[in-house]
Amino acid sequence: MSRLLHESPAGVPTLQAELLLDARARLGEGPVWDAAEGCLWWVDILGESVHRTDPGSGRDRVFTVGQMIGAAALRASGGLVLAVQEGFLAMDASTGDLEMLAPVEKDNPVTRMNDGKVDPTGRFWAGTTAIDHRPGAGTLYRLDPDHGVTPALTQVTISNGLDWSVDGRTMYYIDTPTRRVDRFRFEASTGTISDPQPAVSIRAEAGDPDGMTLDAEGFLWVALWGGWGVERYAPDGRLDRRVEVPVAQASSCAFGGPDLDLLFITTARKDFPPEGFPDQPNAGSLFACRPGVRGRAPFRYAG
Ligand code: CA
């Protein structure tokens, strides 16, 4: 695994994230704030589970999914929609009961679902990656409210963070090995993307871009796998701010809390030896900071 040094570039304001929940997940990912319940949902991909964390009490409930799960999102009708190895499932938020909505690459043992998010029109997007991350084996899918599945982008390698601009006209997307965030024109009426352009390039020493969220000002917060942190970028690609995390593998981030002013950060201990690394005992845990900017409430899947 990457053991890069974590020095903030000169002149970039830097904050420290603090431990919120000592969960030590194998591959924590996909945080999403549930304002109605006052909880944070997130997943452990390799732990095949969904976590429901109450940041006030520190109570953490774990739902076993029984297969690798890349992402979870809220449903407008209640409960969650999950992107798992076999496709899209619905999960009851009280019982954890699962129901298949749409199979995706179900008979393909090479791939699994990875990161996902709901767009401003209520469609759920999630992409696949080969489990061994072989190049070009992934696809970004769109799950419509009628449970129809459409491939939106093919030949990606590690389909990862995505989010939409404040005006809803742009989708930002990360295929990790490109070391970029790309922007696509997003057509809300049809749910289609077009005209990809580079938006942010991640410098070599900063780790690999993984999960992502946009704040209320339209700036991008990008979790840096192997980069010991999360960085905020302006839409023009300029590095604006950095959050240090005491774990190398920062995997994703999302705003939440009653005022949407907390940034939650998931991390991973994937590829660690069983005893862990002494310099990052809390790898895989949940971290948080208050970066002085508010986020936006997540959209809910309309199906
Ligand atoms: Ca990810």
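Okay, let's start at the metal: the donors of the calcium ion follow the spacing E-x130-N-x49-D along the chain. Donors here are N, O and S atoms within 2.8 Å of the metal, or 3.2 Å for Na, K and Ca; water is not among the atoms, so sites may look incomplete. Glu 29 sits in strand E3 (residues 28–34) and Asp 210 in strand E19 (residues 208–214), so this pair ties together parts that are 181 residues apart in sequence. Strands (E, at least two residues) are DSSP runs, numbered from the N terminus.

Quick housekeeping. This is a predicted model, where local features need pLDDT of at least 70 and side-chain atom pairs count only at pLDDT 80 or more, while totals for chains, interfaces and linings use all residues. Residues are numbered from 1 along each chain as its sequence is written, and side-chain values use heavy atoms, with hydrogens and water left out.

Back to the calcium ion. Which atoms coordinate it? You'll find OE of Glu 29 listed twice, plus OD1 of Asn 160 and OD of Asp 210, at 2.2 to 3.1 Å. Glu 29 and Asp 210 are both buried, and buried means under 20% relative accessible area, exposed over 50%, partly exposed in between, with a 1.4 Å probe and protein chains only.

Now look at Gly 28, also in strand E3. Gly 28 is buried, at 0% relative accessible area. Leaving out residues up to four places away in sequence, Gly 28 touches Trp 42, Val 43 and Asp 44, and also Ser 251, Thr 266, Thr 267 and Ala 268. Contact means heavy atoms within 4.5 Å.

On to the greasy bits. In soluble globular proteins, nonpolar side chains tend to be buried together. The largest nonpolar core here has 20 residues, and Trp 41, Val 50, Ile 69, Leu 80, Leu 82 and Met 91 have the most contacts inside it. By nonpolar core I mean a set of buried Ala, Val, Leu, Ile, Met, Phe, Trp, Tyr and Cys residues joined through side-chain atoms within 4.5 Å. Strands E4 (39–44), E7 (69–74), E8 (80–84) and E9 (87–91) each supply at least two residues of this core. There's a second, separate core of 17 residues, including Val 245 and Phe 287.

Last stop: Asp 146, in the loop between strand E13 (138–143) and strand E14 (149–156). Is Asp 146 buried or exposed? Exposed, with a relative accessible area of 61%. A polar atom of the Asp 146 side chain lies 2.8 Å from the backbone nitrogen of Gly 148.

Key
Helix = DSSP H or I, 4+ residues; strand = E, 2+ residues; numbered from the N terminus. Polar contact = N/O pair within 3.5 Å; in protein donor to acceptor, adjacent residues only side chain to side chain.
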